[in-house]
Amino acid sequence: DNIIQWIEKAHDLTVLLIGERIIDQYIYVRQAMKSPKENVITYVEHTAESYPGGIAAIKNHLDEFVGRTEIIRDIKDRPIVKVRYIEKSFNSKLFSYCPNPTIGVVDLSNVKDLSDSMVLVGDYGHGLIDQKAADMIVDSSAWLALMVQANSLNWGFNRISKYDRADYV
């Protein structure tokens, strides 16, 4: 009952979202053959799909039960594209490719006052949120939820300890 009541109250919330916008592309391939003259396996594209990832995926999820979500303006036009090549028969990842693994630091100086905001940060470690931006978010957010990810593109060095506090991790 408590969970249902909390979800119903969520319809009254406004959540400010800060984090990297990621476009997840999946290219499904099937093996053609190995060339007898070289040690390379050739794959042929079968199908391809593209999905909003990162902070856009978080927004799409929250929009199902939160009254209003807003991604800060500077983030919307700077996506990171992550391409994964998937072997179709076994649905296994062959390799990933990222043409633009880092983006510039977000300028939060013109963001509205966060002291009345519920803030959710999706920090994937691609350079959008540096220590200065993290400190500003921590110091000015009324309620702060963090999703901080270590991954291959940040070499595992994107740590939750960049943030001095959080209400939910």
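**Notebook: sheet, Glu20 and Ser96**

I began with the strand pairing in this predicted model, and I found that β2 and β3 run antiparallel and are joined by 12 bridges. Within that pair I looked up Tyr26, which stands opposite Glu49 in β3. I then turned to helix α2, residues 54–62, which packs on the sheet and touches β2 and β3, its direction making about 55° with that of β3.

Next I traced the whole sheet, which is open, is formed by four strands in the order β3-β2-β5-β6, and has mixed pairing. I noted β3 (41–53) and β6 as the edge strands, since each pairs on one side only. For the turn between neighbouring strands of this sheet I have an average of 25°, direction ignored.

I moved on to Glu20, which I located in the loop between β1 (14–19) and β2 (21–34). Glu20 is buried yet has no salt bridge, and the nearest side chain of opposite charge, that of Lys162, is 6.9 Å away. I did find a polar atom of the Glu20 side chain 2.8 Å from the backbone nitrogen of Tyr124. Not counting residues up to four places away in sequence, I listed what Glu20 touches, including Gly54, Ile55, Ile103, Tyr124 and Leu128.

Last, I checked Ser96, which lies in strand β6 (residues 92–97). I recorded Ser96 as partly exposed because its relative accessible area is 45%, which falls between the limits of 20% and 50%. Leaving aside neighbours within four places in sequence, I found Ser96 in contact with Val83 and Arg84. I also noted that Ser96 and Lys82, 14 residues apart in sequence, are 7.1 Å apart in space, C-alpha to C-alpha.

Terms used:
Residues are numbered from 1 along each chain as its sequence is written. This is a predicted model: local features need pLDDT of at least 70, side-chain atom pairs count only at pLDDT 80 or more; totals for chains, interfaces and linings use all residues. Side-chain values use heavy atoms; hydrogens and water are left out. Helices (H or I, at least four residues) and strands (E, at least two) are DSSP runs, numbered from the N terminus. Buried means under 20% relative accessible area, exposed over 50%, partly exposed in between (1.4 Å probe, protein chains only). Contact means heavy atoms within 4.5 Å. Lys and Arg count as positive and Asp and Glu as negative; His and the chain ends are not counted. A salt bridge is a side-chain nitrogen of Lys or Arg within 4 Å of a carboxyl oxygen of Asp or Glu. A polar contact is a pair of N or O atoms within 3.5 Å; within protein, one must be able to donate a hydrogen and the other to accept it, and residues adjacent in sequence count only if both atoms are side-chain atoms. Two strands pair if DSSP finds at least two bridges between them. Axes are lines fitted to C-alpha atoms, for helices over the stretch in contact, and angles run from 0 to 180 degrees between N-to-C directions.
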